[in-house]
Amino acid sequence: MAETSNYISETTIIPRDSVERVLPLQSPGAAPLRSAQVVAAGLSDLTPGYEIVRDKSALHVLEYTLAGRARFRDSAADTSLESGILLLCPAGTRYRYWVEKGHWKSMWFCLSNHGPWRTLAGQAPQVRPAGVPDELTRAMEGFLAESLRRERGADRLSRLFAEQIVAYLERELLGARLSARERSMARHLEALWDEVNRSLDGDWNVAALAARLNMSPSNCHRVVLRHAGRSPSQMVHELRMRRAQEWLIRHDLPIKAVAAQLGYSTPFAFSKAFKRYAGVSPAQYGNQHGSEPEERPAPDGEP
């Protein structure tokens, strides 16, 4: 338990061997971040001796741990900040966090207590599983890279990355509050759909999906329906149809080849499923979007 004396004043100590990449929020492409009341943001590689102590800061502070470890303490907790963890310190709270050993790689944001972020005011500091660290990191890296370029379209791309950052922050902070168990299940489902996407020709029935999640088929059906808004079979079908649309647009593949790579027993079975999904046949879809399949199946397969 921290003593009151630990929070008498504000302290910022950044060792010389630490590296901080701060987003240039005055650049033209950063307009969406400024409009969203993002006061400062960056990616940091921090070393032992780094320390932050704040007493009723006027800003909301977010710290994502990307790698390594730091420690956090307030009047209610003394805990470790490890990879995949989000530290949320609302405005007006007292807290301290620091690096004891090794490197702590973090992604951080300072948000004004205005606009959508006002709903954070009055909450206690939280240490919880991060919801969108990978997506946010990619958007941050993209913004930093484009902000340094003077090539054609750099400002536009910076703005697009900035819009992504704002959208992910809103999803993290203003979206539905998920329990730790729900967040964990969401991550397991993301990994499952990634696996399905890598081998869409597999026999992805409910039993196979349930086995990957280490649960019964009936429980798998309920969990996927709750998280994805559709049944497991519908989710697999959606992934296959998205891939089919991509191939029909980008590649001049025979329908027979597309059907085989998506796990359909015959070209006719694939064509029938695709037409139900897209409203047109694969051949028509390819023609409308710039690619014409070489082969049109005759209805001699499944009815």
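Which residue stands opposite T79 in β7? The residue is F72. The model discussed here is predicted.

## Strands β6, β7 and β9

The pair T79 and F72 belongs to a local arrangement of strands. Strand β6 covers residues 70-73 and strand β7 covers residues 78-81; the two pair in the antiparallel sense, and four bridges hold the register between them. A hairpin of four residues joins β6 to β7.

Strand β6 also has bridges to strand β9, residues 94-98. Here there are three bridges, and β6 and β9 run antiparallel. One of the bridge partners can be named: R73 is matched with R96 in β9.

In general, strands of a sheet pair through backbone hydrogen bonds, in either the parallel or the antiparallel sense.

## The six-stranded sheet

An open sheet is formed by six strands in the order β2-β3-β10-β5-β8-β11, and the pairing is antiparallel. Strands β2 (19-22) and β11 (126-129) stand at the edges; each has a single partner strand, so one side of each lacks a neighbour in the sheet. Direction ignored, neighbouring strands of this sheet are turned against each other by 20 degrees on average.

Within this order, strand β3 (residues 38-46) and strand β10 (residues 104-112) are paired in the antiparallel sense over eight bridges. In this pair, L46 stands opposite W104 of β10.

## Helices across the sheet

Two helices lie across strands of the sheet. Helix α2, residues 133-147, lies across β2, β3, β5 (59-68) and β10. The angle between α2 and β10 is about 80 degrees.

Helix α3, residues 154-174, lies across β3, β5, β8 (85-89), β10 and β11. Its direction is at about 90 degrees to β10. Strands β3, β5 and β10 appear in the list for α2 and also in the list for α3.

## Residue A67

A67 is located in strand β5. Is A67 buried or partly exposed? Its relative accessibility is 29%, so A67 counts as partly exposed; the partly exposed class lies between the buried limit of under 20% and the exposed limit of over 50%.

Which residues does A67 contact, once neighbours within four places in sequence are left aside? They are H103, W104 and K105. Of these, W104 is the residue of β10 that stands opposite L46.

A67 can also be related to G84: the two are 17 residues apart in sequence, and their C-alpha atoms are 8.1 Å apart in space.

Notes. Residues are numbered from 1 along each chain as its sequence is written. This is a predicted model: local features need pLDDT of at least 70, side-chain atom pairs count only at pLDDT 80 or more; totals for chains, interfaces and linings use all residues. Side-chain values use heavy atoms; hydrogens and water are left out. Two strands pair if DSSP finds at least two bridges between them. Axes are lines fitted to C-alpha atoms, for helices over the stretch in contact, and angles run from 0 to 180 degrees between N-to-C directions. Contact means heavy atoms within 4.5 Å. Buried means under 20% relative accessible area, exposed over 50%, partly exposed in between (1.4 Å probe, protein chains only).
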